[in-house]
Amino acid sequence: MKDPIIESRRYEASPTRLVVTLGLAGLLSGLAIVSAYEWTRPRIEANHASALREAVFRVLPGIVGLQRWAQRGGELRPADEDRAGERAIYAGCDDRDQLLGFAIPAEGAGFQDTIKLLFGYLPDQRSIVGVEVLESRETPGLGDRIYKDQAFLDNFRTLLVDPEIVLVKNGTKRAAHEVDSITGATISSQAVVNILNAGVQEWSRLLSATRTGSCGQTLEQPSPSGRNATSG
Amino acid sequence: MSRDGQNRRAYQELVKGLWRENPVFVQVLGMCPMLAVSNSAINALTMGLATFTVLLSSSLMVSSLRNLIPRQVRISCYIIVIATFVTVIDFVLLALVPDVHKELGAFIPLIVANCMILGRQEAFAAKHPVGLAAADAAGMGGGFALALFGLGGFREVLGSGSLFGVSLFGAHFEPWVIMLLPPGGFISLGLLLLVLNWVRSRRTQRSEDLVTAQGNPSR
Amino acid sequence: MKSKGARLILQPAPLLRSGLTTPAAMRDVVYALVPLVIGASWWFGLSALLVLLAATAGAVITEWIFSLGAARGQSLQDLSATLTGMLLGLTLPPGLPLWMAFVGGAASIGLGKLIWGGLGQNPFNPALVGRAFLLGAFPTAMTTWQAPSGPAGFLGIIPSNLALPLQQPTVDALSSATPLGLMKFQNQETPLPDLMLGHTAGCLGETSGLLILLGGVYLALRRSIDWRITVAVLFSASVFSGLLHLFDADNPQPIVALFSGGLLFGAIFMATDPVTSPVTPRGAWIFGIGIGVLAILIRTFGGYPEGIMYAILLMNATTPLIERVTQPRPFGRGRPTL
């Protein structure tokens, strides 16, 4: 059997051939990647959207539809189209078409990496009604209890944000603005509280200037399959 | 070479990657994904299958193009081929299993940097016909996936008390947190290497004993 | 390969023959630990003995199983596995589930000693390897402390001890904070007499400063340990914590820093392990000073209230380097090249 490497050594390729080969390889590779991207994109976007919608439904119990809101001309209002670099929040509406509250994405430093979460906020009552961690790399078994420990998540069922949310030692929660920390994961618990405080601070002024009441617009109805996946 | 001989050769190339030249346990290649994503069986299995697919497709491609690629730019061409398949796999996983993709994170794109894959192109696929290259890639990829899956299963059983998310020891299981953390990866991989090397040396010892016994009837 | 009675002497020349053998050295340390064991059972009752037994059993059984197939034969007689198990047991919290203590003993011997090639080959203190493994594996159970019940509760067993293998303790025990925990998280100081006598929460063997000192003096008189290491650890820790106390009065006074946590226990029983500490006198000083400074650094600026374990393990890693740097120079020759 001939060794192909020794074989090819005999015919040194010309520079043109090298350039043409690499160019061709790049072209074919680019084509393959673009077609794979186009082919998978609808599915990927649908996944993102449904994950976000499920999270909004979880942090705002009792809503039946949601709207995307963003800052337009100095105040918050429904805005369906996506503008580059803009931060949006999600308004949840109940079955009588009344605006119930907002799901607000927020992020901040955790113990290991940035924690991204979504929290449900009722501007009238100035309280948080649910928290969902979207992304985190907290320590398995300790820090990841910020989204696995039901007792910790129950802190956020009705949590007043005034004067500010305070983390207290586990089992010593007395007031409605206090959060029981997770034993052994104080830093991660504190991170969640800090992110919530910062998120409330950032949006509450804009939200208090917003007229709440009727949703009044076409609502995006939740897909039945999405709801089922949530409860599972 | 007869057809039968070819088949036997292909079979040998296939099984060598599973045990005798296992990329993880013998060559100790691809340690980065091995340690980083083996904290649960499903992560390990997905990563193993993704690597397997990339290796098999790249080997097929490189082997069939081996006479067209000029020697001077062969490494660049291999990398382009591998990177293309990795990117495609990345999109496919994102579309099909978004949750697992989130866990694996940066390690899917990093398959490109898995030296085992480039190594097989240079050492094998570029010099052999398509059939043999496929057998070699399937063996090596399979060996890698099996090793990764074994480690992932072990770490998940001790670290979370479950396998594929199915709880094994009841609700009051105390998880061995360290097994899910990087030290647990190193400890488990070390222990696995220890056990396999022990088995291997026992086997060699036994076959050597056999040879001496046959060569020297007085014993 | 069996050479009974042969000993490896780890000292630079001149060499003198002495009656010190491995089992004899080990026995001395076991004797020094006896007061601590009695003290631990006085404060924590039967639980202390059970945890100690489980840790020792884990260590001894692992050693026994592995020496079945080892070329050097059975190595239980040198008592080192028993000692490692006891040392590990004394660094565990009294309420630790017994199966975890057993796992810790097995990890000490398996991961800390045997995979390196057995006694004398291990770079890290085996008992502390076992403890570090346990702290990594079961962080909650390893940081749940019980207040000393006193002799009244001698026959009482802390319920969490009895958790089934692989299971969590189902009953939430009344937990209490250690002096260092109180200091770090609640800025509250424990009075010195309590620290001396052991009337505090903590690991089994670390609570009573007086009993540890008693064992330390015995070992130093018997020359079973290198007193330089102990003195260096304690001296550097008190100087460093004294400096920190001067800068910020919130930091504990040196005397309190010395007697709280595992610093004293580590300085006397863990840092002086002849296998993992430097043999040269100058090396012993460097090693000890490193441990003292690191321990206080971790306590003051780290996330953990106690840092002595990681301080010793870190300095263990530097032992070969220290030995090379402090190699005595043969008379009439230049410095050896490193």
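**Cysteines**

I began with the cysteines and found zero disulfides over all chains. Taking Cys32(B) as a case, I noted that it is in no disulfide and that the nearest cysteine sulfur, belonging to Cys115(B), is 9.6 Å away. I keep in mind here that this is a predicted model, and that a disulfide would call for a pair of cysteine sulfur atoms within 2.5 Å. I then looked up how Cys32(B) is covered, and its relative accessible area of 44% makes it partly exposed. For Cys203(C) I read a relative accessible area of 4%, and because buried means under 20%, I entered Cys203(C) as buried.

**Chain B by itself**

Next I went through chain B, in which I counted nine helices and two strands. Following the sequence, I wrote the order down as α-α-α-α-α-α-α-β-β-α-α, a pattern that places the two strands after seven helices and before two further ones. Of the 219 residues in chain B, 45% are buried. I also checked the contacts in chain B with a separation of 6 or more, and noted that 75% of them are between residues 24 or more positions apart. For the accessible surface of chain B I have about 10300 Å², with 67% of it belonging to carbon and sulfur atoms.

**Chain B against chain A**

I turned to the pairing of these two chains and found 28 residues of chain B in contact with 29 residues of chain A. Between them, chain B and chain A bury about 2400 Å², and 71% of that area is on carbon and sulfur atoms. I searched for salt bridges between chain B and chain A as well, and the count is zero.

**A nonpolar patch on chain C**

My last entry concerns a nonpolar surface patch of about 790 Å², made by Trp227(C), Val231(C), Phe235(C), Val239(C), Leu243(C), Leu246(C), Trp285(C) and Ile289(C). The elements that give two or more residues to this patch are α10 (227-247) and α13 (281-301) of chain C. The largest share comes from α10(C), which supplies six residues. I picked Val239(C) for a closer look and placed it in helix α10 of chain C. Its relative accessibility is 42%, and I therefore recorded Val239(C) as partly exposed, since that class lies between the limits of 20% and 50%. The same reading makes Val239(C) eligible for the patch, because patches are made of residues with over 30% relative accessible area.

Methods. Residues numbered from 1 in each chain as written. Chains lettered and ligands numbered in written order. Predicted model: local features only at pLDDT ≥ 70, side-chain atom pairs only at ≥ 80, totals over all residues. Heavy atoms only, no water. Patch = residues over 30% accessible without salt bridge, like charges linked within 9 Å, V, L, I, M, F, W, Y side chains within 5 Å. Areas by Shrake-Rupley, 256 points an atom, 1.4 Å probe, with all protein chains shown as cover. Salt bridge = Lys/Arg side-chain N within 4 Å of Asp/Glu carboxyl O. Helix = DSSP H or I, 4+ residues; strand = E, 2+ residues; numbered from the N terminus. Buried < 20%, exposed > 50% of the residue type's maximum accessible area, 1.4 Å probe, protein only. Contact = heavy atoms within 4.5 Å. Buried area = accessible area lost by both parts, 1.4 Å probe.
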